[in-house]
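Hi,

Here is the structure I promised to pass on. Have it open while you read, as my notes on what turned up follow right below.

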Amino acid sequence: PLLVSKPLKGTTESSSYANVDRYCVDHPNNNIPNHIAALVGRGLHTKEDHPIGIIRSKIQDYFIAQDSEYKIFDGEDPIVTTTQCFDDLRINPDHPGRSPSDTYYITDETLLRTHTSAHQSMHLRDGYEKFLCAGDVYRRDEIDSSHYPAFHQLEGVKLFPSADVDGAKGLSKEEWLASPECKMIADDLKETLEGLMDHLFGPVEKKWSDDFFPFTEPSFECEILYEGEWLEVLGCGVIHSEVLEMADRGDRRGWAFGLGLERLAMILFKIPDIRLFWSDDTRFSKQFSAGKITTFKPYSKYPPVFKDIAFWLPEDFVENDFFEMARGIAGDLVERMELTDTFTNPKTNKTSKCYRITYRSMDRSLTDDEINVLQNDLRVQSETLGLEVR
Ligand code: FA5
Ligand code: MG
């Protein structure tokens, strides 16, 4: 049993819960809490003066300038089916990314998309050969300054003319992967994305590595050097022939990529915390205007409040359930949750974990009293996950 949504108290930073009825339907496997439902439909990527919208426009400008035939989709429903999000992309039922510890399910067959790749097959089937598609995506995940349960991706797909790849017809899988046609597509993909990075950042250090996705082969990821650290900004590859066959485009070949818009925006605008994108604070929103890349000036950082919680684990402990419970109680006041200690009692063989929670508001000072109330709620609610608080 996952989280049962209920009206929240203590969530001071969040806006309305207008979407609750649509996303928190009464289904035994629904695991969408109110604080996630409240984010769906905000449409940050369509706001021309929001950093996510500004970067989305800049990326689209680059592609349209290269080839005016790219079709643009920005308004697809973030509720998709397991077929769209997984099966059409060769992501098998036992893939960990499909499990309810990682994914927000509405019913057993419908979910909040975990990536914009969920729309690839549909557009391919409808006959589109070059398209871009941006939107909000949702994942149950860890909590820190570069991970948030909702973020944005921009997907790009391009099929090549049959004539360019006809020479590779009838090859075995191994022969195809070694063919000049496959290399031509992979080279075009990398060149296109390097051009995009230069368009966005000017000269920036980039690094390609091999990656794995069930829907592309070969697959790559690209990292960018930001303040001395390599930050993964995209995944991509040559579309798997079975994905094209399932979409009735088995006669064609092409590439696809998915960019993380927050990661790019954090670098471009120097935005230090991923929670800021969802802030209604005018000290944030007033700093951005359509079409302009500007450096974010942080307003004063309020002091953090640290609280530790330690508990004995049940056998089926799911860390993301615990993280989510904290977000449900304290909303965006939770800045970070960090495992600080693990201990196994050799006699009982029971394991205990200690987490340090950093609470910090982005717009005011917190009092120890108010955080004690939240921390106490967390201790009490933890018991419902079978955790034995120490
Ligand atoms: C994907 O989601 C693939 N669908 C990308 C893809 C598309 C591959 C088409 C091949 C063809 P991945 O899970 O790596 O891949 O996510 C892509 C990008 O989203 C990452 O590089 C990162 O920039 C961003 N991202 C992933 N998780 C988070 C998160 N929790 N918070 C913010 N950004 C994230
Ligand atoms: Mg990745």
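Strand β8 (229-239) gives the most residues to the shell around ligand 1, six of them. Bear in mind as you look that this is a predicted model. The whole shell has 24 residues, and those that come nearest to the ligand are H115, F151, G235, G258 and G260. Besides β8, the elements that supply two or more residues are β5 (150-159), β7 (216-226), β9 (254-260) and α10 (261-269). How do the shell residues divide by character? Ten are polar, eight are nonpolar and six are charged.

On the annotation side, UniProt has an unreviewed entry that lists residues 135-298 as "domain: Aminoacyl-transfer RNA synthetases class-II family profile". In the model, that span is 30% helix and 31% strand, and the C-alpha atoms at its two ends lie 26 Å apart.

Next, a sheet further along the chain. It is an open one made of four strands, in the order β11-β12-β10-β13, with antiparallel pairing. Which strands stand at the edges? They are β11 (334-344) and β13 (388-389); each has a single partner strand, so one side of each is left without a neighbour in the sheet. The partner of β11 is β12 (residues 351-359): the two run antiparallel and are joined by nine bridges. If you want one pair to click on, T342 has K353 in β12 as its bridge partner.

Two helices go with these strands. Helix α13 (residues 368-382) packs on the sheet, where it touches β10 (305-312), β12 and β13, and its direction makes about 15° with that of β10. Helix α12 (residues 319-330) lies across β11 and β12, and runs at about 140° to β11.

Now for some backbone details. Most residues other than glycine have a negative phi, and most peptide bonds are trans. A few spots here go the other way:

- E217 and P218 are joined by a cis peptide bond, with omega at about -5°. P218 lies in strand β7, one of the elements that give two or more residues to the ligand 1 shell.
- D248 is not a glycine, yet its phi is positive, at about 60°. You will find D248 in the loop between α9 (241-246) and β9.
- K270 also has a positive phi, near 55°, and is a residue other than glycine. K270 sits in the loop between α10 and α11 (282-285).

Are those two loop residues buried, exposed or something in between? D248 has 13 C-beta neighbours inside 10 Å, so it counts as partly exposed. K270 has 14 inside 10 Å, and therefore counts as partly exposed too. The partly exposed class sits between the buried cut-off of 20 or more and the exposed cut-off of 12 or fewer.

One last spot to look at is T46, in the loop between α2 (34-37) and α3 (51-66). What does T46 touch, leaving aside its neighbours within four places in sequence? Its contacts are G53 and D74. T46 and D74 are 28 residues apart along the chain, while their C-alpha atoms are separated by 7.3 Å. With 16 other C-beta atoms within 10 Å, T46 is partly exposed.

Have a look when you get a moment.

Cheers

Technical notes:
Residues numbered from 1 in each chain as written. Chains lettered and ligands numbered in written order. Predicted model: local features only at pLDDT ≥ 70, side-chain atom pairs only at ≥ 80, totals over all residues. Near = placed C-beta within 6 Å. Nonpolar A, V, L, I, M, F, W, Y, C, P; charged D, E, K, R; others polar. Pairing = 2+ DSSP bridges. Contact = placed C-beta atoms within 7 Å. Axes fitted to C-alpha atoms, helices over the stretch in contact; angles between N-to-C directions. UniProt positions renumbered as here; feature names shortened; annotations may be inferred.
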